[in-house]
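Please give a short tour of the structure shown below. Keep it readable for someone who has not seen it before.

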Amino acid sequence: MSPLPGRPKAGSLPLGGVERGFRGACSAPAERAGCAEPALCAHSAKGAPVSTRVFVPIDSAALSLGADRVARAIADEAGRRGADVTLVRNGSRGMFWLEPLVEVDTPAGRIAYGPVKAEDVAGLFAAGFLAGGAHPLALGRVDAMPWLAGQQRLTFARVGLTDPLSIDDYRAHEGFAGLARAIALSGAEIVKEMTDSGLRGRGGAAFPTGIKWRTVLDTAAPEKYVVCNADEGDSGTFSDRMLMEGDPYCLIEGMAIAGVAVGASRGYIYLRSEYPHAFGMLQAAIARARAAGYLGADVMGSGKAFELEVRIGAGAYICGEETAMLESLEGKRGVVRAKPPLPAISGLFGAPTVINNVMSFASVPVILARGAAFYRDYGSGRSRGTLPFQLAGNLKRTGLVERAFGLTLRELLYDYGGGSASGRPIRAVQVGGPLGAYVPESQFDVPLDYEAYVAIGAMVGHGGLVAFDDTVDMAHMARYAMEFCAIESCGKCTPCRIGSTRGVEVIDRIIAGEARGRNLALLDSLCDTMLAGSLCALGGMTPYPVQSALKHFPEDFGLIPDQDKQAAA
Amino acid sequence: MADDTRTETIRRIVDLHRASPGAMLPILHAIQEQLGWVPADAVPVIAAALSRSRAEVHGVISFYPHFRTRPPGRHVVQICRAESCRAVGAEALEAHARSSLGIDFDHTTGDGAVTLEAVYCLGNCACSPAIRVDDEIVGRVDGARFDALIAELRDAEAEA
């Protein structure tokens, strides 16, 4: 079993106001006796007749804003007043400007209050918030809030709604319906569902999931694997983390379906070391799923085995590249492999391997439960289904928006995001992580689908958006893109390893005004070499942010657009 | 920790994990979890157990930024340097942290309390700038909040 990453705790941190521990782990069937934090446990008041359920998220981002202190304050205040409260630690709804977002279960629905500080708690009780009472922080019914009401949450249907570790809760919300259907189908029938759904790899490459699974299914081998890429290293992305922390059974179910489909009996989740809370949640969920017969030697009575293990990465961005991830899982340096062979034919330990991102696997249960056509009916063009977009950076309202493909950046940035947090104009948005292009305001109306974005030289990627206001220096950001590539390059191929360092130097010379024309031509040529000659997307796509910055914001490089053209000519 | 005890710990961890496929990273994580770092004397033990050369083991340790080959301070503070945090002031925060602690990245304060590290994304991009203090993620951190967090760490140590 992998250890919790991070160094040993010499003493507990005073950050959360509670002893640091894995709070979500206390709701096992045996919890009533063994829970270390009964006041913070969802089940301490179970069985009481009129207990009011109060939800306080356990998502890392909510914790990072003091959710534990709020949970503790609610438990304490309830104790002082003799109020019968059942505290449930749910996932986040993805409205981070309102976190910690507290919800109260009332006959009129779940009423939200936020952002709640520990100091607000006594006032909330005084205002009768347990009955949904009026208070300056009251937001009304959570599902009627405009941010949520218009979303199409297929993958995130349960996140924020349920207790992440409660199997009963999961089942009550369509959980394991997809797996139940899958075990009644043949492998080929499951794969056909995936193909028909139109699902494409959500990690960024957008490769059709059904085709990948088909290849593994058709490759005869004594051992096959299912590997989940949970190395969500792109800045501006956090949907994988939110799902693993807020609905871990959904990922487990998706991977189990993949295992049943292709005939793999073993799966690994390769999780980045920067996600300690997700690790704790996954470990607890896997143990419970195994105890309940959803994992193990006989998955749901199917006679098929599927075992699942979490492996922790070690801070190398390149291990989000699938072949580097396989090397890392095998216990080696995370150095990219040349393809072919495809991992679907010769992957982990040389065996046929299904590799998908967290979001891809998490989309599988609903596709199986409701059928391929249900999922395919969402989306635009060849981008079918929904994508959980992540709004980050300089925005008033940041968070998670799951919608069908085809909406625009402008809708996300302004209708959802509310414009910049600083109140200044949004100047550039990096879409799809550190290897994605910077999109200028003139392209905010391009529909977000894979092909439409490729057509403008950008990529949707993992659906993360990082907004910058007009104080950003785009030459500085272009330099950072090269610097990041130099830091994170695995070193195997020359264009990436050397090119990124040369790229930093050339951009420095351009910024300094040294022989601009010549250095611009050199940068252009260098980017071409990296694009065409790199083994993987790290070196191969670092030119996207660099060249898009140069193209759309030449003035930041000391050029005016006309001179830029002359210089390039 | 006495060298004998440390060697014992390393051997115990290696024995526990050596049979699992791809045991290298789980072993290194377990050692660092126990000791706070991966000492050089772990290398030959791991190499022998996994039938790999010492150079290969060293190569793995040095490849991954997470593994430390020097003991860290009593607390590790990581500051995110990635785009989302940069969009809302991470560079200023980074400069502030270096100057207020008086150290650069990958160094430890003179009192041994805090090791400062860079990190590239903590997945808390909706609450940027983000930092990690040991296993806790903290969001929307500015210079004042950073100083308060460090003061809390030191106060907690003083109380203990």
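Which residues does A73(A) touch, not counting residues up to four places away in sequence? They are A118(A) and V121(A). Touching, or contact, here means that the C-beta atoms of two residues, placed from the backbone, lie within 7 Å.

This is a predicted model, in which local features need pLDDT of at least 70, side-chain atom pairs count only at pLDDT 80 or more, and totals for chains, interfaces and linings use all residues. Residues are numbered from 1 along each chain as its sequence is written, while chains are lettered from A and ligands numbered from 1 in the order in which they are written.

**Around A73(A)**

A73(A) sits in helix α3 (residues 67–81) of chain A. Helices (H or I, at least four residues) and strands (E, at least two) are DSSP runs, numbered from the N terminus. A73(A) counts as buried because it has 22 C-beta neighbours inside 10 Å. The cut-offs are these: a residue is buried if 20 or more other C-beta atoms, placed from the backbone, lie within 10 Å of its own, exposed if 12 or fewer, and partly exposed in between. In sequence, A73(A) and V121(A) are 48 residues apart. In space, their C-alpha atoms are 6.4 Å apart.

V121(A) is also touched by I74(A). Leaving out residues up to four places away in sequence, I74(A) touches V54(A), V56(A), V85(A) and L87(A) as well. I74(A) and I252(A) touch the most other members of the largest nonpolar core, which has 232 residues. Such a core is a set of buried Ala, Val, Leu, Ile, Met, Phe, Trp, Tyr and Cys residues joined through C-beta atoms within 7 Å. Helix α11 (residues 248–262) of chain A gives the most to this core, with 11 residues.

**Chain A as a whole**

Chain A has 569 residues, and 59% of them are buried. It holds 23 helices and 16 strands. Take the contacts in chain A between residues at least 6 apart in sequence: 72% of them join residues at least 24 apart.

Chain A is divided into domain 1 (24–149), domain 2 (167–376), domain 3 (379–469) and domain 4 (474–568). These bounds come from an automatic or database domain assignment. The C-alpha centres of domain 1 and domain 2 of chain A lie 32 Å apart. How many residues of domain 1 of chain A are in contact with domain 2 of chain A? There are 10, and they meet 10 residues of domain 2. On the domain 1 side, 4 are nonpolar, 5 polar and 1 charged. In this scheme Ala, Val, Leu, Ile, Met, Phe, Trp, Tyr, Cys and Pro count as nonpolar, Asp, Glu, Lys and Arg as charged, and the others, Gly among them, as polar.

**Where chain B meets chain A**

In the interface, 49 residues of chain B are in contact with 61 residues of chain A. On the chain B side, α2 (24–35), α4 (54–63), α5 (83–86), β5 (136–138) and α7 (143–159) each supply at least two residues. α2(B) gives the most, with 8 residues. By class, this side of chain B has 29 nonpolar, 12 polar and 8 charged residues.

The predictor gives the complex an ipTM of 0.97 and a pTM of 0.92. Chain B has a mean pLDDT of 96, and 99% of its residues reach 70 or more. pLDDT is the predictor's confidence in each residue, from 0 to 100.

**A helix of chain B**

Which residues of helix α3 (residues 42–50) of chain B are buried? They are A42(B), V43(B), I46(B) and A49(B). They lie on the same side of α3(B) because they cover an arc of only 140° around the axis. The arc is that of the directions from the helix axis to the C-beta atoms. These buried residues pack against α1 (3–17), α2 and α4 of chain B.

**Backbone details**

S51(B) follows α3(B), in the loop between α3 and α4 of chain B. S51(B) is exposed, with 8 other C-beta atoms within 10 Å. F349(A) is partly exposed, with 14 other C-beta atoms within 10 Å. Neither F349(A) nor S51(B) is a glycine.

| Residue or bond | Feature | Value |
|---|---|---|
| F349(A) | positive phi | about 50° |
| S51(B) | positive phi | about 55° |
| K339(A) to P340(A) | cis peptide bond | omega near 0° |
| S128(B) to P129(B) | cis peptide bond | omega near -10° |

P340(A) lies in the loop between α13 (322–329) and β9 (353–357) of chain A. F349(A) is found in the loop between α13 and β9 of chain A. P129(B) is in the loop between β3 (114–119) and β4 (131–133) of chain B.
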